Amino acid sequence: MTRKNKNFGSQSIPLRPRDGICGLYASSSRLSYSLSVVVLAILLLGVSTGVFVGAGDTVAEASGSAADGLAAAVIAPPELTAADYPTIAGVNGRVTVWLVAQLHLWFAAFVLAVPIFVFIIEAIGMRTRDKRYDEMAYEFIKISITAYSLTAILGGLLLFSLIVFYPHLFQYLSGVFGESMFYYALLFFAESAALYLYYYGWQWLQGGFRKWVHLTLGLLLNAAGTTLMFLANGWVTFMMSPAGVDPAGVFAGDTWAAMHNYLWNPINLHRFIANIAYGGSIVGAYAAFRFLSATRPEERAHYDWMGYNANFIAILALLPLPFAGYYLAAEIYAYSQQMGITLMGGIFAWLFIIQAVLIGTLFLSANYYLWCGMGRSDGAQRYNKFIKYLAIVIIASFLVWFTPHTLVLTNEELKVLGGPYHKYLGPLGIMPAKNTAVNIMILFTALSFLFYRRSNRIATVAWVKAGNTAQLALYTAGIANLLFLGVYHGYFTNTVYKVAASIPQVMTTLIVIVVSLGLDSAMYRGAREVAPLNWGRVPNRAQYALFLLAVAFTWLMGLMGYIRSGIRQHWHVTDVFRDNSLDAYTPTLGYAANVVSVGTILFMAMVIFIFWLSQVSSRKTPTEGFGNQAEGR
Amino acid sequence: MKNFLQVIAFSLLMIGFFAAFSNFGIPEIQPAPPPVQEKLDLGAMTPERFITLGEKLFNGKGTCALCHNAVGGRAPPLDRVATLASERLADSRYQGGANDVQGYLVESLVDPSAYVVAGFGKAGSGDTESPMPNAAAGSIGLSEVEVNAVVAYLQDLAGTEVTVEIPKGTEGEATGPEPVTGTARTALASAEEIIDRFGCVACHKLAGKGGEIGPDLSQIGASKDASYLRQAILDPAAEIVEGYPPIMPVTYEVELYAGELELLVQYLAALK
Amino acid sequence: MPKFGLQSTIWWPRRNESGYVQHWVDLLMMNNAPLLFVITLVVCALVFLGLDFAVMKLNGLSLFYHP
């Protein structure tokens, strides 16, 4: 059966055999699957309502107003002792909650990100009438469906772990946020409905008005998902920078005030962008895996193209991400200078050196993938000679970023060195050097992309030389400005100027990228193809770069999750609700890294399972003599 | 299958690299354990002990050293703040209500924005808003006695006169960053218990029985008064009795609680 | 010819009958890429300095530090 697309594309789309994960759910478990998510949502509703009411009851008793049934519940954090934290033999409550929360976040980031870029790709497909985009969008959303159920399962597990291991904390938090938890649970109905309609209705809602309905469903899906994330972000940022409570922690009754705390919007922005980058990298890993196991050249070409697009999405979101992170850190400083200094100048400072290694890995592998990808077209040989300079600059910037400031030395070493800093490399350890380095890394990554764009084309506009000269001048001026802001304001002024100078640095980088891309696309309008782009002609090691991107991203997210939580140190809710459990101590960075590594391995295992499912469902085992439909009947 | 295993191996290798770098590539720093409530008896607090308490708070619970340190840049240095106080009080930008050095120092702990040293204000506030938190509230939460202790320390640091009133006999609370090795030692309730616990009879004679390494204390109250005895316990090196070796432990200053010291001193002073 | 934006025909190069493309930017700079480079560099540098100044001003600071 075929359905003619009246307006979008001229080919008919056959209802293809149910391959991929779609088939798995089409068979029998569709209903049970949806039921399980609905049950989970009801469970969440019930728990949040029950605990909310329960919190009110117990606290009312504590405040001595049990006799007066109409008294308003006072929600205040209790003074806990180690005995108030339930234990289960052999299970470390803190590590359990840590791992489950992180696993939930990894999956949640993925399932929130995919609809964002699927929506955009579908829109691009509608605009350009290129069917490939629509098909790629469909394949992307297929991958995230199983991940959606795992997200819900891990969310439920997180909820139970919190209730089991930190009941008083959960009671307090649900007292403050009970209302929002209720809406959170209800929103899952909306998100599930939107997601299933969006996915299962993909082939049905094609053509003309129906396609617009479909796109709107995608929009609703994103709206629901983003709202869910914003709600959950409110709970977590309340723990870091509480608002709507008095200094003793007594809740004033306004949930919006508690939600709309200092760090809410910085985390919203950072997580929104980071989710997109992360989703792109996971989808890229999927494409890389399918590429490596592809047998036919068309398959290879298809998954190579998919991997490229995924990498493009990941890099696109990766470029503004350091700025969102810097904004978050700046807001942490503004909220509490102590928290900020502990974060970057105190015990967590070395953690950011590990972060530097990971971000360097991300940028290098993303760039490496682009450079390998240039080999798809023979026309790229013209630009090969420039790549080594890009590599040198990116590696040098990474090394600057990775240089620590204060060295941990013994007394003898201190005497020999004459202080806790290296004489020449020490100055590279402070933020201005690092801001400059990261801005240059971002600029040169964009430059890699510019080279990639033109690898198979030659411009035919008359002003090519002028255009190239202008781009070169733009980049030079941009880099000069970055260096001026970084060196002058970084080393010859005071702290206030140093921090403020980072903003024009960011804007310079973004302006250079946007303008040069605009100039480039104008320059290559109507360009002639010099040599065809051979999708599929890319070395296998490029696919490993995509795996590295996914693994490094996951590990980095785990590390940053640890920082975000660890910065509270011995507080459940900063300054308001003290953590008095036996595990309240801040662990060493090595320990934290080990927990994150275990989490990453668990997550990767689950993701591999999801990818494997996508292959399994298309396999058919021929059966002989099992069925009743024998010949001749 | 081969692809699959290769990808697994590669991923495990990379994860292993990140974990190995975090464990061995960066210095292992043990973060300080969470602070513990420690009861400090403030009876018979000497000025020296009070200043030492202030220093302990400055580096510990007060978290002052996090920003006010030799690295500079984050907060003004405090080594001479007590001498600079009078200048700042006279400064036109001063917004607070203190009239003397002690008042200024206390105010700068609880209301730091009353006067912000030039260049250290929050960005964009023109040095009218301080990024320093109120040290008596929130997570620092220094009590009034602790604030005074820190002020005493700062006054002593600058070499000026310590004008803060040393607390006498009133019980207060001070928390230090002592690790949770166990519960803090409960204060002993009688002089006999203290003598027993600290083994004084190993070197001194009491009630005719004990060692002969140190002076006989059986009737020490007849010849020496309470203040001499107090000093002899806290700072033995100040005056060694002739003919005896200068080997009395100097650690009682930190090991004895103030209340216990007082009990012991009163007991010895009564031995006539 | 693009159907949006600048309808002005002077911006996009025009191809005459013999196929030779003329553009006013080329007429100015065709033989002098270094000059174009320097001019663009100076213009961009000024724009960036202006941006720096504006942002610092918005934060209540001047571009250069006067201790």
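What follows is a conversation about why certain words are used for parts of this predicted model.

Reader: To begin with chain A, what is it built from, and how many of its residues count as buried?

Author: Chain A has 19 helices and 6 strands, and of its 633 residues 46% count as buried. Among the contacts in chain A between residues at least 6 apart in sequence, 81% join residues that are at least 24 apart.

Reader: Why does Val100(A) count as buried?

Author: The word depends on a count of neighbours, and a residue is buried if 20 or more other C-beta atoms lie within 10 Å of its own. Val100(A) has 21 such neighbours, and therefore it counts as buried. This residue lies in helix H2 (residues 93-128) of chain A, and, leaving aside residues up to four places away in sequence, Val100(A) touches Leu154(A), Leu157(A), Leu158(A) and Ser161(A). Val461(A), by comparison, is 361 residues from Val100(A) in sequence and 56 Å from it in space, taken from C-alpha to C-alpha.

Reader: What makes Ala90(B) buried or exposed?

Author: A residue is exposed if 12 or fewer other C-beta atoms lie within 10 Å, and Ala90(B) has 8 of them, so Ala90(B) is exposed. Its place is in helix H3 (residues 81-90) of chain B, and its C-alpha atom is separated by 62 Å from that of Met14(B), the two residues being 76 apart along the chain.

Reader: What is there to notice about phi in Arg129(A), and why is that residue called partly exposed?

Author: Most residues other than glycine have a negative phi. Arg129(A), however, has a positive phi of about 60° although it is not a glycine, and this residue is found in the loop between H2 and H3 of chain A. Partly exposed is the term for counts in between 12 or fewer and 20 or more, and Arg129(A), with 13 C-beta neighbours inside 10 Å, therefore counts as partly exposed.

Reader: How do you know that Asp575(A) is to be called buried, and where is it placed?

Author: Buried requires 20 or more neighbours, and Asp575(A) has 20 C-beta neighbours inside 10 Å, so Asp575(A) counts as buried. Its place is in the loop between strand E5 (571-573) and strand E6 (577-578) of chain A, and its phi, near 65°, is a positive value in a residue other than glycine.

Reader: Why is helix H15 of chain A described as roughly antiparallel to helix H17 of chain A?

Author: Helix H15 (residues 464-491) and helix H17 (residues 502-523) of chain A pack at an angle of about 175°, with their axes 10 Å apart. Angles over 145 degrees count as roughly antiparallel, and therefore H15(A) is roughly antiparallel to H17(A). Among the residues that meet are Val464(A), Leu474(A) and Leu485(A) in H15(A) and Val512(A), Val515(A) and Leu519(A) in H17(A). By class, this contact has 11 nonpolar, 9 polar and no charged residues.

Reader: What makes H3(A) oblique to H19(A)?

Author: The axes of helix H3 (residues 131-165) and helix H19 (residues 589-616) of chain A come within 10 Å and cross at roughly 135°. An angle that is not under 35 degrees, not over 145 and not from 65 to 115 counts as oblique, so H3(A) is oblique to H19(A). The crossing of these two helices is right-handed. The contact is made by Ile143(A), Thr146(A), Ala147(A) and Leu150(A) of H3(A) and by Met606(A), Ile610(A), Leu613(A) and Ser614(A) of H19(A), and by class it has 6 nonpolar, 2 polar and no charged residues.

Reader: How many residues of chain C and of chain B are in contact with chain A?

Author: In chain C, 21 residues are in contact with 26 residues of chain A. The largest share of that side of chain C, 12 residues, comes from H2(C), and the side divides into 16 nonpolar, 3 polar and 2 charged residues. In chain B, 32 residues are in contact with 43 residues of chain A, and the side of chain B that touches chain A has 20 nonpolar, 10 polar and 2 charged residues.

Reader: Where in chain B is confidence lowest and where is it highest among the helices named?

Author: Confidence is lowest in helix H9 (residues 252-255) of chain B, at a mean of 71, and highest in helix H1 (residues 2-25) of chain B, at 91. Over residues 170-183 of chain B the pLDDT is below 50. Chain B averages a pLDDT of 80, and 86% of the residues score at least 70.

Conventions:
Residues are numbered from 1 along each chain as its sequence is written. Chains are lettered from A and ligands numbered from 1 in the order in which they are written. This is a predicted model: local features need pLDDT of at least 70, side-chain atom pairs count only at pLDDT 80 or more; totals for chains, interfaces and linings use all residues. Two residues are in contact if their C-beta atoms, placed from the backbone, lie within 7 Å. Helices (H or I, at least four residues) and strands (E, at least two) are DSSP runs, numbered from the N terminus. Ala, Val, Leu, Ile, Met, Phe, Trp, Tyr, Cys and Pro count as nonpolar, Asp, Glu, Lys and Arg as charged, and the others, Gly among them, as polar. Axes are lines fitted to C-alpha atoms, for helices over the stretch in contact, and angles run from 0 to 180 degrees between N-to-C directions. A crossing is left-handed if the near helix is turned anticlockwise from the far one by less than a right angle, and right-handed if clockwise. pLDDT is the predictor's confidence in each residue, from 0 to 100.
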